[in-house]
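Here is a short tutorial dialogue on reading a structure, taken one feature at a time. The learner asks and the teacher replies.

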Amino acid sequence: MLVGLIGLLPGIGMIVAAMTIADRGLRTEWTEDEWMRRFRGALRLRGMAVGVIRARERELRDALTEAGQAAYQEYGPPALIKLEADEAITAEWEPAETGPARKVYALTDVGRQRLADLDEEWRSFIAATDALRP
C-alpha cells in the first residue's frame, strides 16, 4: 500500500499545481522583465550558454523596442512559445474585424500525440486513485 502511495506523490503534486493555477486564472498581461525571465529560462532548458542567452535577449529587446511592441503582445505567453518551439502547435496572425490582429493557435500532429499521451497519463492516475478508495 505504501509503495502505491509513493508512486502517486508526483501526480498529487500535479493536481495541487493545477488547482493553484486554476485559482489564479490565465494571465493576460506580463511585465517585460517577467516575460524575459521566462524566455531566459526556456533557453537555459534548451542547454544554451549564458552568453548566447544574453545575446538573444539583447537582440529581442532591441527589435521589440524598435517596433514599439511588448514581448507578451508580440509572442504571447511563454508556455505557448515553448509549445510552438516544440512543434506541438502552430501560430498564425489573423486580422480582426475591429482592433489589432490576433494570434490563433492550432494543434499539430505532434501536439495531438502529446495530448493523447497526457490523456493516457491522466487516465492512469485516475485509475490508481480509484483503486485506493475503500
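**Reading backbone angles, helices and salt bridges**

A: Let us start just past a helix: α2 is followed by Gly-47, whose phi is positive, near 85 degrees. Please keep in mind throughout that this is a predicted model.

Q: Which residue other than glycine has a positive phi, and what is the value?

A: That residue is Glu-87, with phi near 60 degrees. Glu-87 sits in the loop that runs between α5 (78-85) and β1 (89-94), and its relative accessible area of 54% makes it exposed.

Q: How many residues does helix α2 have, and what does it span from its first C-alpha to its last?

A: Helix α2, residues 32-45, has 14 residues and reaches 20 Å between those two atoms, which is close to the 20 Å expected at 1.5 Å a residue.

Q: Which residues of α2 are buried?

A: Burial here is read from relative accessible area, with under 20% counted as buried. In α2 the buried residues are Trp-35, Met-36, Phe-39, Gly-41 and Leu-43.

Q: How should I read a salt bridge, and how many salt bridges are there?

A: The general idea is that side chains of opposite charge can pair when their charged atoms come close. With a cut-off of 4 Å from the nitrogen to the carboxyl oxygen, the count in this model comes to 8 salt bridges.

Q: Where do Arg-46 and Asp-86 lie, and what does the pair tie together?

A: The side chains of Arg-46 and Asp-86 meet in a salt bridge at 3.1 Å, N to O. Arg-46 lies in the loop between α2 and α3 (50-67), while Asp-86 lies in the loop between α5 and β1, so the pair ties together parts that are 40 residues apart in sequence. Arg-46 counts as partly exposed at 45% relative accessibility, and Asp-86 also counts as partly exposed, at 25%.

Q: What separates Arg-112 and Asp-109 in helix α6?

A: These two are 3 residues apart in α6 (residues 109-132), which means that about one helical turn separates them. Their side chains form a salt bridge at 3.1 Å, N to O; Arg-112 is partly exposed at 47% relative accessibility, whereas Asp-109 is exposed at 63%.

Q: Which residues do salt bridges with shared partners join into one network?

A: Consider a single pair beforehand: the side chains of Asp-130 and Arg-133 meet in a salt bridge at 3.7 Å, N to O, with Asp-130 partly exposed at 37% relative accessibility and Arg-133 exposed at 60%. As for the network, salt bridges that share partners join Asp-33, Arg-40, Glu-57 and Arg-61.

Note on methods: Residues are numbered from 1 along each chain as its sequence is written. This is a predicted model: local features need pLDDT of at least 70, side-chain atom pairs count only at pLDDT 80 or more; totals for chains, interfaces and linings use all residues. Side-chain values use heavy atoms; hydrogens and water are left out. Helices (H or I, at least four residues) and strands (E, at least two) are DSSP runs, numbered from the N terminus. The expected span of a helix is 1.5 Å times one less than its number of residues. Buried means under 20% relative accessible area, exposed over 50%, partly exposed in between (1.4 Å probe, protein chains only).
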